[in-house]
Amino acid sequence: MKKFFPHPLLSLALLVAWLLLNNTLSFGHLLLGAFLGLIIPYMSASFWPEHICIKKPFVFLRFIAILLYDIVVANITVALQVLGENKNLHPSFITYPLSIQNQLGISVLASTISLTPGTVSCDLSVDQSTLLIHALSAQDKEKVIAHIHQRYEKPLMEVFVQC
Amino acid sequence: MEILIATLVFIGAFFTLVGSIGLVKLPDFFTRLHGPTKATTLGVGALLIASSLYFSSQHEGLSLHEILITLFLFITAPISAHIMAKSALHIKKNEEKKERLDA
């Protein structure tokens with residue numbers, strides 16, 4: 001079963017994406033989408049070396065809700081910073097110590113950091129233990145690190161578990 | 001409904017504009033990176049919600065393409081920002097090396 005159906009969630013996501021692309025729910029497209037959802041994970045299996053289980057879907061949904069809220073709030077702060085004077089900015093690099101271990105978790109965290117305005121993730125260290133972040137205006141680096149850890153990394157560590 | 005859509009389009013346009021202003025006026029490469037990544041999130045996000053609402057209310061049936069656009073943007077935007085930041089770091093590193101060799 002596992003051999004022919006390696007990533008059930010990916011299959012489901014592909015089916016939904018196919019239906020959204022076509023903007024229909026007709027039977028033909030449902031069938032075609034299901035076929036693509038089966039064949040694509042099978043053919044791309046070598047791109048997914050780790051088996052990650054997604055635990056606690058509600059934590060993940062709450063994480064997305066928090067992320068959307070933070071994006072809106074941070075967008076307004078950054079808009080004010082951009083429109084304000086350059087000399088009020090304190091751009092700096094921050095080295096963020098990663099606690100999350102698996103690759104999927106790290107990439108989701110890095111994307112989250114880039115998506116929230118004011119921070120962009122720049123580089124992952126070779127041993128995958130630290131992430132280099134550039135912040136548009138960070139006077140207190142410890143605060144930024146604590147914020148990211150508390151709000152984003154902790155829920156992600158609960159969601160993406162190696163199995 | 002129209003007022004809601006108009007407000008969303010306005011918000012989207014405003015944040016996209018701020019993103020572009022940021023691209024022009026911020027002092028160096030890394031701070032400039034912040035401009036466009038921000039414009040994609042709230043700017044394009046608001047525009048796409050407006051588009052989804054408009055086409056759902058004007059025509060029959062829901063229009064949900066926009067969710068997919070948002071999803072793809074949210075997946076790809078951080079990656080391009082990451083690659084640009086990383087290459088900038090490497091170019092700078094090379095420059096430092098060159099200076100050391102020249103000295």
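Visitor: Domain bounds come from an automatic or database domain assignment; where do they fall in chain A?

Guide: The model is a predicted one, and its two chain A domains have centres that lie 30 Å apart, taken over C-alpha atoms. The assignment divides chain A into domain 1 (8-47) and domain 2 (52-162).

Visitor: What distance separates the end C-alpha atoms of α1(A), and what span should its residues give?

Guide: The helix α1(A) has 15 residues, which at 1.5 Å a residue should span 21 Å. The distance between its end C-alpha atoms agrees with that expectation, because it too is 21 Å.

Visitor: Which residues of α1(A) are buried?

Guide: An α-helix has 3.6 residues a turn, so residues three or four places apart point the same way. In α1(A) the buried residues fall within an arc of 60° seen down the axis, and therefore line one face of the helix, while Pro8(A) and Leu9(A), on the other side, are exposed. The cover over the buried face includes α2 (27-43) of chain A, and the residues beneath are Ser11(A), Leu14(A) and Trp18(A).

Visitor: Which element of chain A gives the most to the side that touches chain B?

Guide: The contact takes 26 residues from chain A and 28 residues from chain B. On the chain A side, α1 (8-22), α3 (57-83), α4 (103-115) and β3 (119-124) each supply at least two residues, and the residues of that side divide into 17 nonpolar, eight polar and one charged. With seven residues, the element that gives the most is α3(A).

Technical notes: Residues are numbered from 1 along each chain as its sequence is written. Chains are lettered from A and ligands numbered from 1 in the order in which they are written. This is a predicted model: local features need pLDDT of at least 70, side-chain atom pairs count only at pLDDT 80 or more; totals for chains, interfaces and linings use all residues. Two residues are in contact if their C-beta atoms, placed from the backbone, lie within 7 Å. Helices (H or I, at least four residues) and strands (E, at least two) are DSSP runs, numbered from the N terminus. Ala, Val, Leu, Ile, Met, Phe, Trp, Tyr, Cys and Pro count as nonpolar, Asp, Glu, Lys and Arg as charged, and the others, Gly among them, as polar. Domain bounds come from an automatic or database domain assignment. The expected span of a helix is 1.5 Å times one less than its number of residues. A residue is buried if 20 or more other C-beta atoms lie within 10 Å of its own, exposed if 12 or fewer, and partly exposed in between; C-beta atoms are placed from the backbone. The arc is that of the directions from the helix axis to the C-beta atoms.
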